[in-house]
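Here is a short set of exercises to work through with the model open beside you. Try each task on your own before reading its solution.

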Amino acid sequence: PITRRTLEELIETVGPLTLWHFGLCKDAVLEEFRQAFLAEQATVEDTRAQLEDRLPQILAELKRVRGSRLRDVLNRYETTEQSIPPNRRADNLPAAKRALWEDVASPETANELLALIRRGIGSYGYGPARVVFELFQNADDATLQHPPERAPLCRIVFQTESLRLQHWGRLINRPGRFAESESEGWQRDLFNMLLMNLSEKREEVTGRFGLGFKSVHLIAREVGIASGFEASCRVKGGMLPEVWEGGRTLSLDESRAGRRATLIELEIDPERNAEAEEARVAFASCVRWLPATSRAIREIELNGRRFRAGFAETAATGIRHVVFEGAEPGQALALILDQNTTLFVPLGSDGPQALPETLPRLWLLAPLEEECRAGWLLNSYGFRVDPGRGRLAGSVDERAALFGRLGRALGQKLV
């Protein structure tokens with residue numbers, strides 16, 4: 001494993017070989033390195049401070065049960081807050097919020113908070129079957145924002161007590177291109193991931209509601225997040241981050257072609273094993289198509305099994321040949337209906353063949369929970385969906401107009 005001391009020894013060895021004046025600046029170089037090595041702790045502490053400041057408002061909006069510990073600790077905070085003289089609020093209010101945070105972080109109270117957050121996520125239409133798709137979508141967005149030099153890959157490992165997903169796209173809280181970083185909120189990734197219903201994603205990426213990551217709490221008791229030097233924490237109670245000392249080492253150990261990994265590690269709640277199995281089965285049943293429907297990731301490794309998709313042009317404009325490789329090889333035609341929409345027709349040795357009956361037909365990168373009896377698969381980044389991202393939004397007339405337009409585009413491809 002890579003430790004701080006290992007890297008310090010490397011710097012001390014290589015420095016004199018590359019910089020003739022290294023001896024004069026050795027202490028300054030090592031100090032800069034040590035500060036960078038502690039960067040994720042500063043990121044976590046800054047995120048915690050922002051969440052701590054908003055915690056009273058967050059708790060006030062949750063539907064707490066009368067007589068619960070959460071209700072009691074919030075009542076105590078409100079009593080303290082109301083007793084602070086106006087001329088002392090700036091000095092005393094932060095301490096009151098810190099005491100509230102510490103009360104909420106106690107194991108029993110944190111469990112109550114997690115239960116309320118699960119209820120809130122469920123109220124938006126999210127279910128366990130969406131969990132891994134949401135993590136994959138985030139990985140695809142990050143890969144689109146900072147593509148790796150090697151073929152984009154997402155690795156997922158399901159175990160009885162855990163789930164780990166890792167990718168090599170843009171690191172969490174990494175600003176990215178300077179002109180875009182502030183407007184897109186990338187430097188506040190971790191905060192946005194932990195605060196419900198707050199998202200600063202662009203139009204080009206798939207996520208729109210900022211709730212997707214929080215769906216992990218439907219099956220997880222605790223969540224680990226590690227992303228290079230930028231962020232390394234474990235999240236309890238659905239939104240309470242603590243520095244994860246071993247996370248940075250995992251991220252560096254899993255580097256690929258010089259790119260550090262982002263890891264999301266779920267500790268499965270033993271009381272949610274059935275829900276976790278539902279998440280696994282849902283993802284496994286669709287994984288073959290995800291390298292074709294995603295924007296950037298073209299290879300998925302699921303418990304050691306590889307799924308790849310490659311695209312090649314054909315003689316016909318707007319029609320591409322898709323080759324699936326790995327655990328479930330095959331072919332398909334991809335008919336480009338517009339800049340956001342592709343219709344896939346699976347191919348067999350004798351031409352077009354039927355899709356499995358259980359495979360959803362409508363996708364927004366990931367499958368939607370819509371009934372559609374058709375022989376093709378339609379993937380559109382332009383679909384309007386409900387906050388749970390499982391069903392199409394809009395009126396019957398709006399949907400009819402949408403599919404009418406897509407049908408005319410398909411007809412032109414077939415002429």
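**Exercise 1. Decide whether H217 is buried or exposed, then describe its surroundings.**

*Solution.* Start with the accessibility: H217 has a relative value of 3%. The cut-off for buried is under 20%, so H217 counts as buried. Bear in mind that this is a predicted model. Next, place the residue: H217 lies in the loop that runs between helix 9 (189-194) and strand 3 (220-227). Finally, list its contacts. Leaving out residues up to four places away in sequence, H217 touches L114, R118, V223, V235 and G238.

**Exercise 2. Find the helix that holds L116, and work out which residues L116 touches.**

*Solution.* L116 sits in helix 6 (residues 107-123). Its relative accessibility is 9%, so L116 counts as buried. With residues up to four places away in sequence set aside, its contacts are L62, K63, R64 and L70. Now look at a pair separated along the chain: L116 and G237 are 121 residues apart in sequence, yet their C-alpha atoms are 9.4 Å apart in space.

**Exercise 3. Compare that with a second pair: how far apart are the C-alpha atoms of G382 and L410?**

*Solution.* Begin with the location. G382 is in the loop between strand 15 and helix 13 (396-414). Its relative accessibility of 40% makes G382 partly exposed. Then take the distance: G382 and L410 are 28 residues apart along the chain, and 16 Å separates their C-alpha atoms.

**Exercise 4. Trace the pairing partners of strand 1 and say how each one runs.**

*Solution.* First, consider the setting of strand 1 (residues 153-158): five of its six residues are buried, so this strand is largely enclosed by the rest of the structure. One partner is strand 7 (residues 299-302), which pairs with strand 1 in the parallel sense over four bridges. To find this pairing on screen, look for L153 opposite E299 of strand 7. Another partner is strand 2, and here the pairing is antiparallel, over five bridges. F158 facing L163 in strand 2 is a handy marker. The link between strand 1 and strand 2 is a hairpin with three residues.

**Exercise 5. Do the same for strand 11: which strands does it pair with, and where do hairpins occur?**

*Solution.* Take the partners in turn.

- Strand 10 (residues 330-338) pairs with strand 11 in the antiparallel sense over seven bridges. L333 has V345 of strand 11 as its bridge partner, and a hairpin of two residues joins strand 10 to strand 11.
- Strand 12 (residues 351-352) is also antiparallel to strand 11, with two bridges. G348 stands opposite G351 in strand 12, and two residues lie between these strands in their hairpin.
- Strand 15 (residues 377-380) runs antiparallel to strand 11 and is joined to it by four bridges. T342 stands opposite N379 here.

To finish, check burial: six of the eight residues of strand 11 (residues 341-348) are buried, so the strand is largely enclosed by the rest of the structure.

**Exercise 6. What is notable about the phi angles of N173 and A257?**

*Solution.* Recall the background first: most residues other than glycine have a negative phi. Now read the values. N173 has a phi near 65°, which is positive although the residue is not glycine. A257 is likewise not a glycine, and its phi is positive at about 55°. Then locate both. N173 belongs to the loop between strand 2 (162-167) and helix 8 (178-184), where its relative accessible area of 13% makes it buried. A257 lies in the loop between helix 10 (247-253) and strand 6 (262-268).

**Exercise 7. Step back to the whole protein: how does its radius of gyration relate to the globule rule?**

*Solution.* Count the elements first: there are 13 helices and 15 strands. The radius of gyration is 24 Å, close to the 22 Å that the globule rule gives for 415 residues, so the protein is as compact as a globular protein of that length. Add the extent: the C-alpha trace spans about 75 × 70 × 40 Å along its principal axes. For burial, 47% of the 415 residues count as buried. For contacts, take those between residues at least 6 apart in sequence: 59% of them join residues at least 24 apart. To close with charge, the mean positions of the 55 positive and 59 negative charges lie 3 Å apart.

Key:
Residues numbered from 1 in each chain as written. Predicted model: local features only at pLDDT ≥ 70, side-chain atom pairs only at ≥ 80, totals over all residues. Heavy atoms only, no water. Rg over C-alpha atoms; globule rule 2.2 N^0.38 Å. Buried < 20%, exposed > 50% of the residue type's maximum accessible area, 1.4 Å probe, protein only. Contact = heavy atoms within 4.5 Å. Lys, Arg positive; Asp, Glu negative; His and termini not counted. Charge placed at Lys NZ, Arg CZ, Asp CG, Glu CD. Pairing = 2+ DSSP bridges.
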